[in-house]
Structure formats: structure tokens, C-alpha cells
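Trainee: Got a minute to walk through this one with me? I'd like to start where the chains meet.

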Amino acid sequence: MAISWSRTLLGSVSSLILWAVHFVAVYSLVGVGCEEGWQRTPVLGTNGLTLLLVSITLPALSLIAWIGWVGWQSHRQASRGGGSEDRGRWRFLGLITLALAVLAFISIIMTAVPIMMLPPCN
Amino acid sequence: MTAVADMKRTWANAPGLVGQLTAVNHGTVGLRFVFTGLAFLLIGGLFAMFMRLQLAWPGNTVLDHDLYNQFVTMHGTTLMFLFAVPVLEGVAMYLIPKMIGARDVPFPRLGAFGYWCYLFGGVFLYAGFLVGEAPRGGWFMYPPMTGKDFTPGLSADFWLLGVTFAEVAAVAAAVELIVAILKTRAPGMAIQRMPLFAWYILATAFMIAFGFPPLILASVLLELERAFGFVFYNPDLGGDPLLWQHLFWLFGHPDVYIIFLPAVGVVSTLIPTFARRPIVGYLWVVLAVIGTAFLSFGLWVHHMYTVGIPLLALSFFSAASMAVAIPAGIQVFAWIATLWNGRPFIRTPMLFILGFFAIFVLGGLTGVMVAVVPFDWQVHDTHFVVAHLHYVLIGGMLFPLFAGIYYWLPLVTGRAASEGFGRVTFWLLFTGFNITFLPMHFTGMLGMTRRAYTYSTELGDSVAWLNLLSSAGGFVIAVGMIAFVVDLVLAFRHGERTADNPWQAATLEWAIGAPPPPWNFRGIPTVTDRDPLWERPELATGIGSGQGYLADAAHGRRETLGTSLRAAEPESVIRLSGSTWYPLIAATLLTLFLTAFLLAAYGIAAMLVIAAVVVCWGWLWTTGDADAPLVIDAGHGLSLPTHSASYEAPGVWGTIILLLIHGSLFASLVFGYYFLGLGVAEWPPPGHEPRGLAVPAFGALALLASGGALDRARRHLRSAEGGRLRLYTLIALLLMAVFLAALVQSLFEYGAPPQSHAYASLVSALTGFAALHAVIALLMAAFVWARSRQGRLDADRPAAMQVVWLFWCFTAGAGLVASAVIHLSPRLL
């Protein structure tokens with residue numbers, strides 16, 4: 001099922017949709033968290049807000065990695081066997097899914113680096 | 001009659017002036033967008049010439065500060081809203097059907113309506129000059145400066161109403177182009193074979209759908225504040241001017257890419273032609289297009305680095321600003337690789353592309369510089385930013401556009417421009433551009449602020465000399481522009497006749513003859529390759545002799561093929577509307593409405609709304625071909641259902657895209673509610689606590705029940721019981737009216753006037769959004785009822801019901817969310 005989903009247009013851009021959702025989530029949480037003072041609660045050697053941001057970043061990254069893997073599987077599956085009309089399209093959409101997932105993954109990592117390095121509110 | 005004569009009778013615009021006013025064909029409308037856009041380019045450039053004269057040396061008195069503010073505002077506004085976006089829409093509207101093997105766009109009336117809105121909106125904006133009320137708040141119109149206190153009079157209203165009006169064209173074009181690309185490609189043009197230009201336009205159109213609504217909302221809110229004293233941006237009563245900045249840049253940054261993507265789409269189309277080989281890395285370019293479309297929505301706050309947002313939040317936007325350089329870089333490498341592996345030849349269009357490379361790479365690099373937060377703090381609001389943005393916009397948009405114009409000119413006219421003249425034009429523009437804008441990097445770093453009508457002699461002699469140089473360069477650009485116009489006129493009048501495919505290009509638009517006939521393809525071809533004319537050069541002859549689908553137009557109806565989303569397999573025959581007065585009348589009514597609103601003649605404005613509803617009804621009643629046979633012979637043994645008999649009619653897809661746009665608008669409004677709520681100590685403020693839940697809960701139940709009733713009506717489509725269908729539609733209509741009454745009642749119970757606090761204004765705005773949709777839903781239900789009564793809505797023609805059902809679902813969803821935000825979130829949060 002996951003493979004056929006990755007062959008739809010919406011499915012093949014789902015990694016970037018996740019990037020957008022994650023982006024809006026961390027940006028809003030910094031706004032709300034700093035207003036509410038979550039950064040002043042020490043948790044596990046860091047503060048509540050940073051931990052919250054990290055804890056939504058990790059699932060987003062894993063999900064994107066999984067989407068990329070599904071895209072790759074879809075591409076490989078379609079590459080086996082003959083060159084029918086449908087297979088050509090599936091190969092293309094599978095590879096696009098994978099490539100967009102790589103881009104989304106890198107973009108989230110670039111967002112995550114400052115989360116690890118900067119104090120959340122100042 | 002011969003087949004070609006049938007085509008001519010079916011597709012030609014009516015003769016004379018009437019024909020021009022009623023034309024809806026994409027070729028006519030697309031070219032109108034392009035030429036009107038070029039006219040606005042000249043006007044916007046003229047403002048720049050005056051500004052450069054004023055800044056030629058410090059303390060100059062060509063323009064006083066007020067006139068300078070008007071000119072700088074109108075320069076930016078004209079070039080962004082009335083030139084860059086519309087001209088590229090025009091190029092896309094003209095080319096996309098020809099490239100993907102369609103006869104016209106799926107909603108020709110909508111395209112024509114968009115054009116009139118654009119033209120009238122532009123004229124409306126300029127009308128401010130006639131009464132001495134030209135906008136002067138900058139193209140970004142930041143409140144509080146543009147609020148009633150600091151900008152009394154009508155100048156800001158001219159901007160808010162005029163620009164929003166012109167934006168209707170962009171939104172209409174987005175719906176039009178998305179559905180065209182997804183649903184009307186030639187058979188066999190599966191998603192992996194689409195011309196790259198279509199990918200760029202598809203991505204751009206989706207960006208318009210998500211990016212324009214925040215600005216439309218921001219403008220509507222500011223106009224409500226100015227006209228009726230609502231509060232959204234005034235901090236004394238719980239508003240926040242930063243809300244405007246967020247909404248404006250949430251539009252404004254994607255807008256840079258909305259302009260940039262179609263332009264580089266031209267680049268990706270021309271480079272294979274001039275390298276004489278297919279693009280290297282098609283898939284990577286598609287990846288870059290989609291990646292850019294998404295990532296460019298994560299950049300908006302980089303225009304707001306200095307407003308006091310937490311550093312970590314700024315670094316997110318800094319990260320996204322750098323991430324977006326990845327897809328840009330991928331494209332540049334794909335272009336270089338294509339040229340490297342090809343046998344490139346240089347003509348005027350290619351020269352403009354090389355100019356684009358040089359200028360845009362510089363603009364991109366200074367873009368990465370200003371994406372670095374501490375560097376931006378140093379150069380923010382200086383001429384360094386002016387230099388950067390002109391390198392990006394002129395390099396990234398104007399040069400590719402001119403390349404495209406020189407490239408497709410032989411297609412449009414059947415004549416070629418003079419190569420020598422074109423090269424002179426290029427060198428004038430290229431050198432003029434660099435002489436004008438390169439010095440601004442230095443004047444900016446030396447401290448010269450932007451948007452100011454003069455500068456201090458204390459900045460030093462070097463700044464004065466560099467400014468003089470910039471102004472001199474400005475005149476070189478002006479000479480280049482004049483040369484361009486002369487070149488264009490000469491080419492149209494006296495250009496040498498060319499072959500049908502003078503550049504030996506690979507894409508379908510070159511297979512239909514130059515100039516192309518209004519129906520584009522006599523027979524719609526089957527596509528089997530990414531570069532159809534290179535793989536099968538005989539296609540052109542086949543198309544011309546009427547091989548392919550739908551070659552018979554004896555019935556006198558405009559037709560094109562509807563195909564499936566990904567595989568492009570034929571699904572239906574789409575019967576398109578021909579010439580009609582409706583678009584012009586509707587746009588004229590809107591102009592009158594906005595004028596009445598501007599003059600505060602609200603009674604007249606309300607009457608005009610009613611007139612507009614009547615016209616819209618007539619428009620919908622007569623659209624397409626209601627009497628089309630259910631099954632149409634497409635030729636070659638293929639029989640297809642007519643589009644209104646299919647559950648995937650273009651109208652259904654158009655509605656989905658339109659609802660995405662409404663959804664983006666609604667999400668921006670909900671964002672505004674929580675953004676303002678976060679900024680004040682108490683939300684809702686004392687005295688504004690929500691009242692009883694009974695009425696809104698009752699309204700919500702009625703809303704859900706109305707959805708259920710309409711669903712029942714929908715089911716009776718299949719059972720062919722028209723009476724039942726109408727009964728349930730009527731019940732749905734009544735229940736929707738109950739919801740509407742509950743909305744009004746609960747606003748009445750709440751009682752605080754919207755002028756009293758931002759909270760009250762937002763409650764009114766959310767209620768207004770839900771109520772407006774409920775009213776439209778009521779009208780739609782009435783339409784469906786009447787259609788069924790007339791016997792034109794049944795299992796065989798379900799499209800109208802599908803459209804209403806989608807709209808109903810959206811109205812119900814938005815209504816429930818609006819009610820929850822108003823009534824539940826103050827209790828829960």
C-alpha cells in the first residue's frame with residue numbers, strides 16, 4: 001500500500017509536506033514556548049522547550065527517511081521486468097519520491113542544528 | 001465545408017471590436033496579458049528614471065519627498081503586481097496548451113475574466129494619480145504608517161482595493177493552469193514526459209494558490225480597519241503591526257519564486273534547443289522545481305530579521321534560506337551539463353540566457369549573504385538590498401523573459417526579429433544594468449539608506465560619484481528598453497518570414513504552424529517521448545493534416561481532450577465555452593463595486609453585489625455545452641464521455657484548487673487570531689468573554705445535518721429520482737440557512753462592536769468568513785435545484801452536484817473550525 005501511495009503525486013511530495021509541517025511546528029512552538037517560559041524548566045540536562053523541539057524533529061526525520069526508502073523500493077520494484085508504460089512512470093515517481101525525501105531530510109537537519117546549538121529564547 | 005473551415009467557424013473570435021471584447025481564447029487572452037504587462041513595465045521603469053534623476057547627487061530637487069514616496073511605491077507595486085506576475089501568467093496561458101497538446105485552457109471564461117480584473121485593477125490603482133491620491137506607503141504598505149492616522153485620504157485604499165482586484169487574475173490563472181496541466185495533456189504525455197516548462201508552471205500555480213491568499217487577507221483586514229475602524233494592526237487595542245508583516249511576507253517571499261520559477265522554466269526550455277540535445281538530468285530539474293516551490297515558503301521571516309523575533313526562530317529561516325540554494329544549484333549544474341554535452345549555438349535568446357547566468361548568480365550570492373542574520377543587520381534597509389533584489393529580479397526574471405520573447409516571437413508572428421538589433425538591445429541592457437546596480441552594493445555598505453528621497457553629503461564623495469554612475473547606467477537601460485520596443489514593433493511589421501520551427505526545437509508548440517491557428521491542433525496528437533519533435537519529426541505534418549483525435553468540428557463546438565492525471569490516458573471530451581460577454585460584464589461590475597466602496601457609497605455597492613450574483617448565475621448557467629451528447633466520438637475508434645458526464649470534470653478539479661485557495665485564506669485568518677492572542681496579556685480581553693454555547697452548538701448541528709442532507713441528495717443522482725434529489729437539496733439549503741442564522745445570532749449575543757478590540761474584530765472576521773461561505777453554499781444549492789428542475793442534472797451529468805458537494809464540505813469544515821476557534825478555544829486554552 002505504501003508503495004502505491006508513493007506513486008501518487010501527493011504521495012511523492014509527502015516528505016516536503018512533512019518538512020512544512022515540522023517547520024511551522026517548531027517555529028510556532030518557539031513563539032508559544034518562549035511566551036509561556038518553557039525554556040526555564042530544566043529537563044534531562046537541557047530545557048523543556050529544546051527537548052520538545054528535538055522530540056518532534058526526530059519522528060519527522062524518521063518518517064521522511066521511511067518515505068525515501070519506500071520511494072526507492074517502488075523504483076526498484078518497477079525497474080524489474082519489462083519496460084511497460086506504467087513501469088516507466090513508476091520508476092520516475094519512485095525516484096522523485098526518494099530524491100525529494102533526501103532534500104526534505106537535509107532541510108530538516110539544517111533547521112535542527114540551531115536547535116541543538118542555540119538557547120531557544122533571546 | 002472543409003474540416004479547416006469548420007475549425008475556423010468554431011474557434012475564431014467574432015469580428016471587430018465586439019469580437020475583441022468577448023474573446024476568451026487562450027491565445028488572445030495570453031497575448032493581452034503579455035502586452036499589457038510590457039506596457040506596465042515601461043511605466044514602472046519611467047518612475048525609476050525619475051528616482052535615479054533625483055538620487056543622481058545629494059540634495060537634488062527633481063522630486064520632493066512626497067512625490068518620491070509615490071514614485072517608489074508605484075515603481076515597486078507596478079513591477080511586482082502589474083508586470084512580473086501577470087506577464088508570466090500570460091506567457092504560460094499562451095504556451096501551456098500549445099506545449100501539452102490542448103486546444104485551449106479548460107476555463108476560457110475564467111482566463112478572460114482574470115485579464116479584465118488585471119487591467120481594471122491596474123487602472124484603478126493609477127486612478128489615484130488623477131485625484132492626487134497616489135499610494136505612497138511603499139509596495140509593502142506597512143501599517144501603522146498606512147493606517148488611517150498616518151495616511152488619511154484615499155491613497156492607501158486605492159492600493160489595497162486595486163492590487164487585490166488585480167490579484168484576482170493571478171488566482172484565476174492558478175486554477176486555470178493547474179487544471180490545464182493536470183487534466184488536458186495530450187494522450188501519452190504521462191507525468192514523466194511533461195515538458196519541463198509545464199512542471200515549472202504547475203509548481204508556480206500551486207505557489208500562487210497558497211501564497212497569494214495571505215496578502216489578499218492582509219489587504220482585506222487593513223481595508224476593514226481603514227473603512228470601518230476594525231482593529232487588526234493597532235497595538236493600542238490589541239492589534240499588532242507585525243501581523244501585517246507576517247502576512248505580507250508570507251506572500252512576498254514565495255512571490256519572488258512565483259516570478260522566478262516560470263522565468264527559469266523558460267531557461268530550462270531554451271537551453272536544450274540551443275544546445276541541440278535533451279536536458280541533462282530531467283528528473284533532477286523536476287526535483288529542483290518541486291523543492292523550490294516548498295522551501296520558498298520557509299523564508300518569509302528573513303525579511304523581518306530586525307523586528308525582534310527570538311534568535312533561534314530567525315535561524316530556522318536562515319537555514320531554509322540556505323537550503324533553497326540547493327535546488328537552485330542543481331538547476332544551474334543541469335544547465336551547464338546540457339550546454340557542455342551539446343553543440344550550443346548563440347542567437348539573441350541564448351545571449352539573454354547567458355546574461356541571466358551572470359547576473360542571477362551574483363544576485364543569488366548576495367542573497368546568501370543577506371540570509372546570514374548578523375550580516376543582514378548591517379545592510380538592512382540600505383542600497384545593498386536594492387542591488388541584491390534587482391540582481392535577482394532583473395537577472396532572474398527580466399532577462400529570461402526577454403530571452404523567451406525573442407525565442408517565441410517567430411511562433412506568435414511567423415516572423416523573426418533582427419538578430420543584429422537583438423544583440424545591440426542585449427548589450428545595452430546588460431551593461432546598463434550592471435553600471436546601475438553594481439555600485440549600489442558599495443553605496444549600501446557605505447550606509448546609504450533605501451526608500452529615502454535623498455542622502456547626506458556626509459556619506460562622502462564616493463557615494464555621490466557612485467550614485468551619479470548609477471543614474472547614468474539607468475539611462476543606458478532606458479535606451480536598451482527603447483531599442484527592445486522598436487525591435488518588437490519592427491519584427492511584427494517587417495520581420496522576415498520564418499519556417500514553422502525555426503530553432504529546430506523539440507516541444508509541441510512548434511508543430512502547429514507559425515502563427516498558430518486559434519485551435520492549435522487540428523487533430524490532437526499522441527505523445528510518446530519527452531522531446532516529441534526530435535523523436536518523431538513527422539508529427540508536425542500529421543497534426544497539420546488532421547490526424548489525431550477530435551479532428552472533426554462540424555458540430556461547431558470547441559473541444560479538447562480530458563486525460564488522466566498521471567498516465568494521460570483519454571478520459572473525456574471537454575466542451576469549452578466560446579466568445580461571451582460574461583467575463584467583461586462581471587469584471588466591470590467588480591470595478592463599479594470597488595469604486596462605490598472607495599467612495600463609501602455602501603448602498604450602491606450592495607446593489608452591485610446583487611447584480612454580480614445575477615451575472616455569475618447566468619455565467620454558470622451557460623458555461624460549457626449543457627446539450628452535449630453523453631458520448632462523443634473522438635476519432636480513431638475512441639468514444640469518450642462528455643466532461644459533464646464524468647465524475648472528474650474540469651470543474652470538479654477547478655473547485656478543488658479553488659478550495660485550497662480558500663483554505664489558505666482561512667488558515668491565515670486563524671493564524672492571525674492566535675498570533676494576536678499570543679501578543680497580549682489577556683485573550684479574550686476583560687468584558688469580551690464568550691457567551692453561551694447553546695446557539696453555536698445548535699448551529700454546528702444544523703451544519704452537519706445539512707451536509708448529511710446534501711449527501712442524500714447526491715445519492716439520488718444515481719437513482720435517477722429528480723424529485724428526491726431536489727427535496728434533499730432543499731432540506732440541505734434550509735439547514736444551511738439555520739446555521740447562518742445561528743452565526744448571526746451568536747455574534748449578536750456577543751455584542752461587542754468590532755471597533756472595540758482586536759479580539760472583537762477577529763470574532764467578526766471569522767464569523768464573516770463562515771457566513772460568506774454559507775451564503776455562497778445557499779446560492780449553489782439553489783443552482784443545483786434549478787438545474788435538476790430543468791432536467792440537466794442526473795446520473796449522466798453529475799458534475800454540478802460534485803462541485804456543490806465539495807464546496808459544501810469545505811463550508812462545513814471551515815464553519816466548524818471557526819465556531820471552535822471563537823467558542824471553544826477561549827474556554828480551553
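Mentor: Sure. This is a predicted model. The contact takes 31 residues from chain A and 27 residues from chain B.

Trainee: Which elements of chain B give two or more residues to the side that touches chain A?

Mentor: Those are α9 (282–295) and α10 (311–323) of chain B. α10(B) gives the most, with nine residues.

Trainee: And how does that side of chain B split by class?

Mentor: It has 22 nonpolar residues, four polar and one charged.

Trainee: Can you show me a residue of chain A that touches chain B?

Mentor: Take A:L9. Leaving out residues up to four places away in sequence, A:L9 touches B:L565 and B:R566. A:L9 sits in helix α2 (residues 9–12) of chain A.

Trainee: How many other C-beta atoms lie within 10 Å of A:L9?

Mentor: There are 15, so A:L9 is partly exposed. The cut-off for buried is 20 or more. Within chain A, the C-alpha atoms of A:L9 and A:L93 are 7.9 Å apart, and these two residues are 84 residues apart along the chain.

Trainee: OK, chain A as a whole. What's in it?

Mentor: Five helices and two strands. From the N terminus, the order is α-α-α-β-β-α-α.

Trainee: What radius of gyration does chain A have, against a compact globule of 122 residues?

Mentor: Chain A has 18 Å, but a compact globule of that length would have a value near 14 Å. The C-alpha trace of chain A spans about 60 × 20 × 20 Å along its principal axes. Buried residues are 42% of the 122 residues in chain A.

Trainee: Same check for chain B. What does the globule rule give there?

Mentor: For 829 residues a compact globule would be near 28 Å, and chain B has 27 Å, which agrees. Its C-alpha trace spans about 80 × 75 × 50 Å along the principal axes. Chain B has 25 helices and six strands. Of its 829 residues, 57% count as buried.

Trainee: What share of contacts is long-range in chain B?

Mentor: Counting contacts with a separation of 6 or more, 81% in chain B join residues 24 or more positions apart. For chain A that share is 71%.

Trainee: Where do the domains of chain B fall?

Mentor: The domain assignment gives domain 1 (343–499) and domain 2 (681–828). Their C-alpha centres lie 51 Å apart.

Trainee: Now the core. How many residues are in the largest nonpolar one?

Mentor: It has 311 residues, and those with the most contacts inside it are B:I96, B:C117, B:A174 and B:I178. The largest share, 22 residues, comes from α6(B). This core draws at least three residues from each of domain 1 and domain 2 of chain B.

Trainee: What does B:C117 touch, beyond residues up to four places away?

Mentor: B:F165, B:A166, B:V168, B:A169, B:A587 and B:L590. There's also a second, separate core of ten residues, including B:L55 and B:V72.

Trainee: B:A587 and B:L590, which helix is that?

Mentor: Both are among the buried residues of α19(B). Others include B:Y582, B:F593 and B:L598. The buried residues of α19(B) pack against α5 (108–130), α6 (155–183) and α20 (602–622) of chain B.

Trainee: Why does the length of α19 of chain B agree with what's expected?

Mentor: α19 (residues 582–598) has 17 residues, so at 1.5 Å a residue, with the span taken over one less than the residue count, it should cover 24 Å; its end C-alpha atoms are 24 Å apart. Just after α19(B), B:A600 takes a positive phi of about 60°.

Trainee: Which other backbone spots should I look at?

Mentor: Some background first. Most residues other than glycine have a negative phi, and most peptide bonds are trans. B:N520 has phi near 60°, and is in the loop between β2 and α17 of chain B. B:N520 counts as buried, with 25 C-beta neighbours inside 10 Å. B:A568 has phi near 55°, and lies in the loop between β3 (558–563) and β4 (570–576) of chain B. B:A568 is buried too, with 26 other C-beta atoms within 10 Å.

Trainee: And which peptide bonds are cis?

Mentor: The bond from B:A514 to B:P515 is one, with omega near -5°. B:W683 to B:P684 is also cis, with omega near 0°. B:P684 lies in the loop between α21 (650–679) and α22 (694–718) of chain B.

Definitions and conventions: Residues numbered from 1 in each chain as written. Chains lettered and ligands numbered in written order. Predicted model: local features only at pLDDT ≥ 70, side-chain atom pairs only at ≥ 80, totals over all residues. Helix = DSSP H or I, 4+ residues; strand = E, 2+ residues; numbered from the N terminus. Buried ≥ 20, exposed ≤ 12 C-beta atoms within 10 Å, placed from the backbone. Contact = placed C-beta atoms within 7 Å. Rg over C-alpha atoms; globule rule 2.2 N^0.38 Å. Nonpolar A, V, L, I, M, F, W, Y, C, P; charged D, E, K, R; others polar. Core = buried A, V, L, I, M, F, W, Y, C linked by C-beta atoms within 7 Å. Domains from an automatic or database assignment.
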